[in-house]
Amino acid sequence: MPRPITATIHPAALRHNLERVRHAVPDAKLWAVVKANAYGHGIENVFEALRAADGFAMLDLAEAQQVRSLGWRGPILLLEGVFEPRDLEVCSRLGLWHAVHCDEQIDWLAAHKTQVGHRVFLKMNSGMNRLGFTPERYRSAYARLNALPQVDEISFMTHFSDADVDHGLDRQLAVFHATTQDLPGERSISNSAATLLRGDAAEVRCDWVRPGIVLYGSSPDFPRHDMAGWQLQPSMTLSSRVIGVQMLGAGDTVGYGSRFRAEGPLRMGVVACGYADGYPRHCDTGTPVLVDGVRTRTLGRVSMDMMAVDLTPVPQAGMGSEVTLWGRAAGGAVLPIDEVAAAAGTLGYELMCAVAPRVAKVVEGEGR
């Protein structure tokens with residue numbers, strides 16, 4: 001049999017989470033953000049579950065081409081726009097909408113030969129200080145785009161840096177609205193956190209929202225709200241099995257660096273999962289894990305291909321027992337990915353995206 005570690009994708013959870021966002025902002029259109037290969041899930045594995053969205057948003061042309069090849073004929077948005085002039089030819093051919101965040105991208109549009117006008121999203125740097133035109137230069141950029149025959153329609157977008165904290169939107173919202181209030185066109189401003197936390201507020205309402213991490217069952221403001229608090233479901237389960245059992249005595253150590261030392265007799269399971277599978281090496285003793293659906297903890301340092309877990313709370317566990325690294329166990333118990341990420345000092349985003357290619361991905365209901 002193949003090595004037992006598997007990443008199982010749950011289409012029903014994806015559909016549920018999409019509808020959760022729809023309920024939060026019933027009057028807005030939804031971009032399903034599938035960048036980074038759908039946050040590590042695989043675009044082909046999430047497409048059917050997310051096609052009830054109004055559009056798909058991603059970063060690169062290969063992902064856009066994949067969504068088109070899967071049969072999507074609706075809007076597709078390139079969130080960072082094009083990276084060189086010839087990308088505009090692909091946008092014309094595939095009917096892609098794209099962000100415009102710098103003068104060079106406007107220059108490339110001005111030189112682009114096309115019979116079909118482009119739909120562009122003019123990006124404002126309202127305080128995130130990554131991509132976009134500053135408020136002082138935004139309207140002049142709009143005027144340049146509006147004068148181009150290559151541009152059919154202009155929409156407006158920005159991105160929040162602190163949407164997950166109280167009043168984190170206020171300054172950026174004020175700048176965005178003051179700059180764009182009399183410009184005609186659709187707006188897209190809300191990410192996952194802004195959509196869930198303030199999506200019903202008048203000042204945050206927009207034509208398009210851009211849910212990303214929330215679609216995949218991770219809370220955008222953990223630990224303020226956990227997955228259950230937002231009524232989300234895990235879209236990915238990383239699971240493996242116990243492949244060995246060791247009996248430890250007082251003073252025995254576990255793994256490289258002997259980071260864990262048993263204080264007394266302890267039954268330990270060895271699990272087929274390590275950092276080469278994408279599990280964080282820096283998760284130390286105490287990181288939560290489920291064995292046969294029972295919550296327990298990791299022991300010692302994660303190695304390349306294996307890790308150790310405490311079987312004390314699960315006396316019936318042994319060779320072949322199910323181990324849920326995050327997600328939903330066979331019996332229904334859930335270990336939120338955000339809890340594992342917190343133990344690693346990171347976010348659920350990183351864990352999803354870091355699942356290694358050697359880990360088999362299975363779509364629930366389709367078999368392995």
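Is Glu 84 buried, partly exposed or exposed? Glu 84 counts as partly exposed, because its relative accessibility is 31%. That residue is one stop on this quick tour of a predicted model.

**The whole protein**

Let's start with the overall picture. The protein has 368 residues, and buried ones make up 55% of them. Its secondary structure comes to eleven helices and 19 strands. Measured out along the principal axes, the C-alpha atoms fill a box of roughly 75 × 40 × 35 Å. Take the contacts with a separation of 6 or more: residues 24 or more positions apart account for 63% of those. As for the outside, the accessible surface comes to about 15,700 Å², and 51% of that belongs to carbon and sulfur atoms.

**A walk along helix H4**

Now for helix H4, which covers residues 61-69. Its buried residues are Leu 61, Glu 63, Ala 64, Val 67 and Arg 68. Looking down the axis of H4, you'd see these buried residues fall within an arc of 160°, so they line one face of the helix. Some general background helps here: an α-helix has 3.6 residues a turn, so residues three or four places apart point the same way. Ala 62 and Ser 69, on the other side of H4, are exposed.

What do the buried residues of H4 pack against? Their partners are helix H2 (35-39), helix H3 (43-50), strand S3 (55-58), strand S4 (76-78) and helix H5 (87-94).

The ends of H4 have their own details. At the N-terminal end, Asp 60 acts as a cap, with a side-chain oxygen 3.2 Å from the backbone nitrogen of Ala 62. Just after the helix comes Gly 71, which takes a positive phi of about 110°.

**Salt bridges**

Side chains of opposite charge can pair when their charged atoms come close. In this protein the count comes to 18 salt bridges. Here are three of them:

| Pair | N to O distance |
|---|---|
| Arg 86 and Glu 84 | 2.5 Å |
| Asp 166 and Arg 224 | 2.7 Å |
| Asp 277 and Arg 358 | 2.7 Å |

Back to Glu 84 for a moment: its salt-bridge partner is Arg 86, which counts as exposed at 59% relative accessibility.

Next, Asp 166 forms a salt bridge with Arg 224. Asp 166 lies in the loop between strand S7 (151-158) and helix H8 (170-180), and Arg 224 in the loop between strand S9 (208-209) and S10, so the pair ties together parts that are 58 residues apart in sequence. Asp 166 is exposed, with a relative accessible area of 54%, while Arg 224 is partly exposed at 44%.

Then there's the salt bridge between Asp 277 and Arg 358. This pair links distant parts of the chain, 81 residues apart: Asp 277 is in the loop between strand S13 (266-271) and strand S14 (288-291), and Arg 358 is in the loop between helix H11 (348-354) and strand S19 (360-363). Asp 277 counts as buried, because its relative accessibility is 0%, whereas Arg 358 counts as partly exposed at 44%. Both belong to a network of salt bridges that also links Arg 3 and Asp 305.

**A nonpolar patch**

Last stop: the surface again. Val 245, Met 247 and Met 319 form a nonpolar patch there, with about 320 Å² of accessible area together. Met 247 lies in strand S10 (residues 236-248), and this methionine counts as exposed because its relative accessibility is 58%.

Conventions
Residues are numbered from 1 along each chain as its sequence is written. This is a predicted model: local features need pLDDT of at least 70, side-chain atom pairs count only at pLDDT 80 or more; totals for chains, interfaces and linings use all residues. Side-chain values use heavy atoms; hydrogens and water are left out. Buried means under 20% relative accessible area, exposed over 50%, partly exposed in between (1.4 Å probe, protein chains only). Helices (H or I, at least four residues) and strands (E, at least two) are DSSP runs, numbered from the N terminus. The arc is that of the directions from the helix axis to the C-beta atoms. Contact means heavy atoms within 4.5 Å. A polar contact is a pair of N or O atoms within 3.5 Å; within protein, one must be able to donate a hydrogen and the other to accept it, and residues adjacent in sequence count only if both atoms are side-chain atoms. Patches are made of residues with over 30% relative accessible area and no salt bridge: like charges are joined within 9 Å, nonpolar side chains (Val, Leu, Ile, Met, Phe, Trp, Tyr) within 5 Å. Accessible areas come from the Shrake-Rupley method with a 1.4 Å probe; for residues, only the protein chains shown count as cover. A salt bridge is a side-chain nitrogen of Lys or Arg within 4 Å of a carboxyl oxygen of Asp or Glu.
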